[in-house]
Amino acid sequence: MTIDVRTRHAVHYSQSERMTSAELRENFVIEDLFVAGTLQAVYTHYDRMLVAGVTPTQTSLGIGSELAKLVGADYLLERRELGLINIGGSGRVIADGRAYALQPMDGFYLGMGTKEILFESDNPAAPAKFYINSAPAHATFPSRIISSADAIENNLGDSATSNKRKLYQYLHPKVLPTCQLLMGLTRLETGSVWNTMPAHLHDRRMEAYLYFEIPENAFVVHLMGRPAVTNHLIIRNEQAVLSPPWSIHCGAGTGAYAFIWSMAGDNQSFTDMDMVDMKSLK
Ligand SMILES: O=C[C@H](O)[C@@H](O)CC(=O)C(=O)O
Ligand SMILES: [Zn+2]
């Protein structure tokens, strides 16, 4: 199958707090997003966010009728917008006949109304890996590349607390208008391992994390749950985590790593976070 589509239902914390590790993974971890020559899609009921990984090799891969059917439209972006960041080799997106070349770590926004979408890699041996998020939209904003240089750089954390990191805002109101989607990339500095510490909540926006640049034997311990009832998820390279509105989302790696965070929901204010008192974590 070159296109695989799965659905994830929204989960109440009273259920997740009783789950085994395997059940938590089935509901909150996406293990195989980047499978050579395929499009892997997960339709979540958190703000109807669609999370997908596209890894084109010899031939192009397109967003076709399976995803249109999934959202009950003539084509996926009939009433949706799409954002992506390329975490693989160079490649391109062809949108309604127009080609957009994307280097590693380049981002891309496709506005509502785009009908035909194809993905290609320059070199099948080092394929592009397009990490995609799509959310419902109400207006058409211009499609455009957000190069890694266009993203807004923020310096966060401190090496003394092992959380020194650079956070790049790609899909952000200061960079370009979108309906819902916010998207960016955070990279830990060597020797730092903690992301999003101290942790926060934002009940009005869901969030997804795609962890990458994790060496083979390394991993990230991602923390989820209500602050007083946390669970952990062991995350390997290029696995994603769905973060429900009621959940903290932070983690520590066995070394440095990077991740793409993205959000959809009621506002686009990146700084709208309810900080959690770290003394309350259990
Ligand atoms: O709501 C914002 C998100 O949780 C992330 O952007 C946080 C993050 O990447 C970090 O602190 O490193
Ligand atoms: Zn957050």
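Two residues are in contact if their C-beta atoms, placed from the backbone, lie within 7 Å. By this criterion, in a predicted model, Phe-259 touches Thr-186, Asn-195, Tyr-209, Leu-210, Tyr-211 and Phe-212, with residues up to four places away in sequence left out of the count. Phe-259 also ranks, with Leu-210 and Tyr-211, among the residues with the most contacts inside the largest nonpolar core. That core has 72 residues. In soluble globular proteins, nonpolar side chains tend to be buried together.

The sheet was examined next. Seven strands form an open sheet in the order 2-21-18-23-15-14-13, and their pairing is antiparallel. Strand 2 (29-30) and strand 13 (152-156) each have a single partner strand, so one side of each has no neighbour in the sheet. These two strands stand at the edges. Strand 18 (residues 205-212) and strand 23 (residues 258-265) run antiparallel and are joined by eight bridges. Within this pairing, Met-206 has Ala-264 of strand 23 as its bridge partner.

Ligand 1 is surrounded by Leu-156, Arg-165, Leu-167, Gly-184, Thr-186, Asn-195, Thr-196, Glu-207, His-249, Trp-261 and Met-273. Strand 14 (165-171) and strand 15 (182-188) each supply at least two residues of this shell. By class, the shell holds four nonpolar, five polar and two charged residues. Thr-186 and Asn-195 belong to the shell and also touch Phe-259.

An unreviewed UniProt entry places the feature "binding site" at His-200, His-202, Glu-207 and His-249. These positions span 50 residues in sequence, yet no two of their C-alpha atoms are more than 11.6 Å apart, so they gather at one spot. Glu-207 and His-249 are also among the residues around ligand 1.

Two of the annotated positions were examined individually. Glu-207 lies in strand 18. It has 23 other C-beta atoms within 10 Å and is therefore buried, the cut-off being 20 or more. Beyond its neighbours within four places in sequence, Glu-207 contacts Ser-243, His-249, Trp-261, Ser-262 and Met-263. Of these, His-249 and Trp-261 are in the ligand shell as well. His-202 lies in the loop between strand 17 (200-201) and strand 18. It has 19 other C-beta atoms within 10 Å, so it is partly exposed. With neighbours within four places in sequence set aside, His-202 contacts Asp-272, Met-273 and Asp-274. Met-273 is also one of the residues around ligand 1.

Methods
Residues numbered from 1 in each chain as written. Chains lettered and ligands numbered in written order. Predicted model: local features only at pLDDT ≥ 70, side-chain atom pairs only at ≥ 80, totals over all residues. Near = placed C-beta within 6 Å. Helix = DSSP H or I, 4+ residues; strand = E, 2+ residues; numbered from the N terminus. Nonpolar A, V, L, I, M, F, W, Y, C, P; charged D, E, K, R; others polar. Core = buried A, V, L, I, M, F, W, Y, C linked by C-beta atoms within 7 Å. Buried ≥ 20, exposed ≤ 12 C-beta atoms within 10 Å, placed from the backbone. Pairing = 2+ DSSP bridges. UniProt positions renumbered as here; feature names shortened; annotations may be inferred.
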